[in-house]
Amino acid sequence: MQPQIIILKEGTENSQGRSQLISNINACQVVMDSVRTTLGPRGMDKMIVDGRGKATISNDGATIVKLLDVVHPAAKTIVNIAKSQDAEVGDGTTSVVLLAGEFLKQCKSFIDEGVHPQVIIKSYRKEIGRAHV
């Protein structure tokens with residue numbers, strides 16, 4: 001077995017374990033929270049100002065997710081899910097972000113209790129099989 005070599009950019013941190021999982025979930029929840037209040041007939045508008053000072057006001061989840069400057073790798077996954085939903089269907093980006101965020105939110109307590117992520121994934125897959133019946 002060869003030793004593992006990891007090359008990181010200067011200023012990059014390498015962290016693992018339960019605390020990193022919780023950090024990833026928290027980052028995804030920030031994206032989820034940014035679009036949560038736009039859903040429904042009483043959805044609120046959001047104003048997003050980019051780095052050049054250009055302001056955009058929208059209550060469209062797809063627009064908001066596109067304008068977010070997300071750096072965190074796990075949160076980028078949520079943004080990519082929303083972009084994929086928009087590209088394939090053209091609608092439902094807010095719902096997809098909220099659904100994925102809620103799945104992660106529900107996992108958080110299990111991870112705090114020490115349940116291995118693979119056990120959580122296996123349970124989700126098992127229940128997906130039941131849902132298709």
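**A tour of the largest pocket and its aromatic pair**

Begin by selecting helix 4, which contributes more residues to the lining of the largest pocket than any other element, namely seven. The model is predicted, and the tour proceeds from this helix to the pocket and then to a pair of rings.

Next, display the largest pocket itself, which holds about 500 Å³ of space. Select the elements that each supply two or more residues to its lining: helix 1 (18-36), helix 3 (73-88), helix 4 and helix 5. In total, 20 residues line the largest pocket. To find its centre, select Phe-103, Leu-104, Cys-107, Ile-121 and Tyr-124, the lining residues that lie nearest to it.

Colour the lining by residue class. The lining of the largest pocket comprises 18 nonpolar residues and two polar ones, with no charged residues.

Now keep Phe-103 and Tyr-124 selected and show their side chains. A search of the whole structure yields one aromatic pair. Phe-103 and Tyr-124 form this pair in an edge-to-face arrangement, with 5.0 Å from centre to centre and 75° between the planes. Phe-103 belongs to helix 4 (residues 93-112) and Tyr-124 to helix 5 (residues 117-131), so the pair ties together parts that are 21 residues apart in sequence.

Finally, add a surface and inspect both rings. Are these residues buried, partly exposed or exposed? Phe-103 has a relative accessibility of 40% and therefore counts as partly exposed. Tyr-124, at 28% relative accessibility, also counts as partly exposed. The cut-offs behind this reasoning are under 20% for buried and over 50% for exposed.

Key:
Residues are numbered from 1 along each chain as its sequence is written. This is a predicted model: local features need pLDDT of at least 70, side-chain atom pairs count only at pLDDT 80 or more; totals for chains, interfaces and linings use all residues. Side-chain values use heavy atoms; hydrogens and water are left out. Rings of Phe, Tyr and Trp (its six-membered ring) pair if their centres lie within 6.5 Å; planes under 30 degrees apart count as stacked, over 60 as edge-to-face and the rest as tilted. Helices (H or I, at least four residues) and strands (E, at least two) are DSSP runs, numbered from the N terminus. Buried means under 20% relative accessible area, exposed over 50%, partly exposed in between (1.4 Å probe, protein chains only). On a 1 Å grid over the protein atoms alone, a cavity is a set of points where a 1.4 Å probe fits but cannot get out, and a pocket is an open set with protein on both sides within 12 Å along at least five of seven lines; lining residues have an atom within 4 Å of a point. Grid points are joined across faces, edges and corners, and a volume is the space filled by probe spheres set on the points. Ala, Val, Leu, Ile, Met, Phe, Trp, Tyr, Cys and Pro count as nonpolar, Asp, Glu, Lys and Arg as charged, and the others, Gly among them, as polar.
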